Amino acid sequence: MIDSSPETARGEDRLVGSDRVLVVLRVLAEHPEGIGLEEMAKAVGSPKPTAHRALAALRRAGFAGQDGRGRYVLGDDFLRLAFAHHEARPDHVRIRPALERLAARFGETAHYAVLDGREVVYRAKVDPPSGPVRLTSTVGGRNPAHNTGVGKLLLAWALPDDAAVAAWAAGGPLERRTPRTKVSAGELAAELAAVRERGYAVDDQENEEGVTCVAVPAFLTSPTRPSGAVSVSALAYRTPLSALVAALPEIRAIVREL
């Protein structure tokens, strides 16, 4: 039996109106330069008076405004709430969309890690959508900072010169994971100097035989100091290090969008 009472009809009208307001809000977000009323009406497929009512509701809430030309834009209150919510989200949640894009693009594993003393801690990991062989790294897992791409990237920021590197290296022996691992203060200082100059770090089978990676900084909490590092870690036979380095502009662009 269909309920056609006035109360039900009014409830459906409110639902349709709410949906329309949300669509208008989305269109506003897609036009940072602003959008006119007539354009908005066409974009949402509604008469101008209907679109105007939706915009008026958003303006009352502070979620829409008008610029000097009378075009509608997202309101300051909406932007303030959006940015406050974004900043309050845990970094591993905020970084995950970028990791998913990187894993899908390269068919390899993407990590987000932070520096914790002499080690890195993996806060997030996304494996490729397909592939029979995957890395054994785990969220919450740790590795020595000096032999990983993410670790060297973050050490380069934390240790600004050779003297700082030497003092850090003197804090304990540097574990040699593979024949390529750099275990002397001099080797590490030269490596970190190169990282500072080029803005990225590499792991050329230094932590695990057959695995390479490139790492770039992620600025989630500060525009000047990375909160952590993002890496694309690959099986060397499948994606050689040279291919990852060649793709650095794309990797940086994906991470920078955050």
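## Helix packing and two buried residues

H7 passes H8 in a right-handed crossing. That pair is a good way into this predicted model, whose chain holds 10 helices and eight strands. Below are the overall numbers, three helix pairs and a closer look at Leu28 and Gln205.

**The chain as a whole**

- The chain has 258 residues, and 43% of them are buried.
- Take the contacts with a separation of 6 or more: 58% of them join residues that sit 24 or more positions apart.
- About 13600 Å² of the chain is exposed, with carbon and sulfur atoms supplying 56% of that area.

**H7 against H8**

- Helix H7 covers residues 162–169 and helix H8 covers residues 185–198; their axes come within 9 Å and cross at roughly 135°.
- An angle of 65 to 115 degrees would be roughly perpendicular and one over 145 roughly antiparallel, so H7 and H8 end up as oblique to each other.
- On the H7 side, the residues in the contact are Asp162, Val165, Ala166, Trp168 and Ala169, and they meet Ala185, Leu188, Ala189, Leu192 and Arg196 of H8.
- Sorted by class, this contact has eight nonpolar residues, two charged ones and no polar ones.

**H6 against H8**

- H8 also packs with helix H6 (residues 149–158): the two axes come within 9 Å and cross at roughly 85°.
- The range for roughly perpendicular is 65 to 115 degrees, which is why H6 and H8 get that label.
- H6 brings Lys152, Leu153, Leu155 and Ala156 to the contact, while H8 brings Glu191, Leu192, Val195 and Arg196.
- The class count here is five nonpolar, three charged and no polar residues.
- Leu192 and Arg196 of H8 are worth a click, since they turn up in the contact with H7 and again in the contact with H6.

**H5 against H10**

- Helix H5 (residues 91–106) packs on helix H10 (residues 248–256) at an angle of about 155°, and the axes are 9 Å apart.
- Anything over 145 degrees counts as roughly antiparallel, so that is how H5 and H10 run relative to each other.
- The crossing of H5 past H10 is right-handed.
- From H5, the contact draws on Ala98, Arg101, Leu102, Arg105 and Phe106; from H10, it draws on Glu250, Ile251, Ile254 and Val255.
- Six of the residues in the H5 and H10 contact are nonpolar and three are charged, with no polar ones.

**Leu28, in helix H1**

- Leu28 belongs to helix H1, which spans residues 6–29.
- With 1% relative accessibility, Leu28 falls under the 20% cut-off and so counts as buried.
- Leaving out residues up to four places away in sequence, Leu28 touches Ile35, Met40, Leu55, Leu58, Ala64, Tyr72, Val73 and Leu74.
- One of those partners, Ala64, is 36 residues from Leu28 in sequence, with a C-alpha to C-alpha distance of 8.0 Å.

**Gln205, in a loop**

- Gln205 lies in the loop between strand E6 (201–204) and strand E7 (211–218).
- The backbone is the thing to look at here: phi of Gln205 is near 60°, a positive value in a residue other than glycine.
- Gln205 has 15% relative accessibility, and because buried means under 20%, this loop residue counts as buried.

Notes:
Residues numbered from 1 in each chain as written. Predicted model: local features only at pLDDT ≥ 70, side-chain atom pairs only at ≥ 80, totals over all residues. Heavy atoms only, no water. Axes fitted to C-alpha atoms, helices over the stretch in contact; angles between N-to-C directions. Helix = DSSP H or I, 4+ residues; strand = E, 2+ residues; numbered from the N terminus. Parallel < 35°, antiparallel > 145°, perpendicular 65-115°, else oblique. Left-handed = near helix turned anticlockwise from the far one by under 90°. Contact = heavy atoms within 4.5 Å. Nonpolar A, V, L, I, M, F, W, Y, C, P; charged D, E, K, R; others polar. Buried < 20%, exposed > 50% of the residue type's maximum accessible area, 1.4 Å probe, protein only. Areas by Shrake-Rupley, 256 points an atom, 1.4 Å probe, with all protein chains shown as cover.
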